[in-house]
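Me: Please take me through this structure and explain the terms as they come up.

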Amino acid sequence: MPVTGHIASLNSFFNLVPNDSTIVVTDDIELQGKLILPANKNLVIKGLEGKYPVISANGSIYLDAKSNYTFYGLTFDGFYSQSYDASIMYANNYEGSLLISECLFGDSGYETLQFTPVDGASIVIDGCDFIATEAVKRYIHIQSHYKGVGHAELTALQITNNDFYCDNVTGDIICLNGF
C-alpha cells in the first residue's frame, strides 16, 4: 500500500532538507499533484537498496533550474495529469547537474523525461529501464533552451546503458533538439 503524500507537505519537506542531503525512499509514494523540488540545492534521492520503491503522481516532478540532482534506484510509474501532457520529470532552463541512474520508468501519459538545458548543464541518464504499458509520446526529450537561435553547450549529455521497450511509444524514443 503506497504512502499518499500531501503535496504541500512534501514540497515543504524538500525545502527544509539541508543542502547536500541524501534522501532514501523506503516505501512507495503516491503524490497528489506536482512536486516542485527546491532551488539551489544538491540532493541525492534514492531508493532503499534492492527495493526500487514506486513513485506515482497526478502531476510532474519539477526540477529547479539551478539545483543538482541524483536519482538512483527508484521506480517512476503511473504519472498522469488531467490534460495528459505532463512529463514524469521536467526542468526548464536547466543549468545544474542531473544524474538519473538505475531507475525504472513506466507509464507517464505523455513524455517520460523532458529537459530544456542551457549552457553548462550536465545530464546523464544511465542504466535505466523504460517500460510503458500504455501509450507514451516519447521517453526522453531534451531540447536546447535556445530554440532555433543557437544551441546549448552542455558539460555532459550522456544517455548510456539503458533499455527501451518501444511497443507503446507513439513518437520518438529519444528526441534531441538544438545540439
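**Rings, sheet and cysteines**

Reply: The count of aromatic pairs comes to 10, where rings of Phe, Tyr and Trp (its six-membered ring) pair if their centres lie within 6.5 Å. This is a predicted model, in which local features need pLDDT of at least 70, side-chain atom pairs count only at pLDDT 80 or more, and totals for chains, interfaces and linings use all residues. Residues are numbered from 1 along each chain as its sequence is written, and side-chain values use heavy atoms, with hydrogens and water left out.

Me: Why is the pair of tyrosine 62 and tyrosine 90 called edge-to-face?

Reply: Planes under 30 degrees apart count as stacked, over 60 as edge-to-face and the rest as tilted. Tyrosine 62 and tyrosine 90 are 5.7 Å apart centre to centre with 75° between the planes, so the pair falls in the edge-to-face class. It links tyrosine 62 in strand E7 (residues 61-62) with tyrosine 90 in strand E10 (residues 89-94), 28 residues apart. Strands are DSSP runs of E, at least two residues, numbered from the N terminus.

Me: Is tyrosine 62 buried, partly exposed or exposed?

Reply: Buried means under 20% relative accessible area, exposed over 50%, partly exposed in between (1.4 Å probe, protein chains only). Tyrosine 62 has 28%, so tyrosine 62 is partly exposed. Tyrosine 90, with 22%, is also partly exposed.

Me: What makes lysine 34 count as lying over the face of tyrosine 62?

Reply: The rule asks for NZ of Lys or CZ of Arg within 6 Å of the ring centre and within 35 degrees of the ring normal. Lysine 34 is at 5.1 Å from the ring centre of tyrosine 62 and lies over its face.

Me: Which strands form the open sheet, and in what order?

Reply: The order is E2-E5-E8-E11-E14-E17, with parallel pairing. Strand E2 (21-25) and strand E17 (156-160) each have a single partner strand, so one side of each is left without a neighbour in the sheet.

Me: What makes E2 and E5 a pair?

Reply: Two strands pair if DSSP finds at least two bridges between them. E2 and strand E5 (residues 42-47) are joined by 5 bridges, so they pair. Valine 24 has lysine 46 in E5 as its bridge partner.

Me: How do you know that cysteine 128 is in no disulfide?

Reply: A disulfide is a pair of cysteine sulfur atoms within 2.5 Å. The whole structure has 0 disulfides. For cysteine 128, the nearest cysteine sulfur, that of cysteine 103, is 5.0 Å away, so the cut-off is not met. Cysteine 128 has 0% relative accessibility and therefore counts as buried.

Note on methods
Helices (H or I, at least four residues) and strands (E, at least two) are DSSP runs, numbered from the N terminus.
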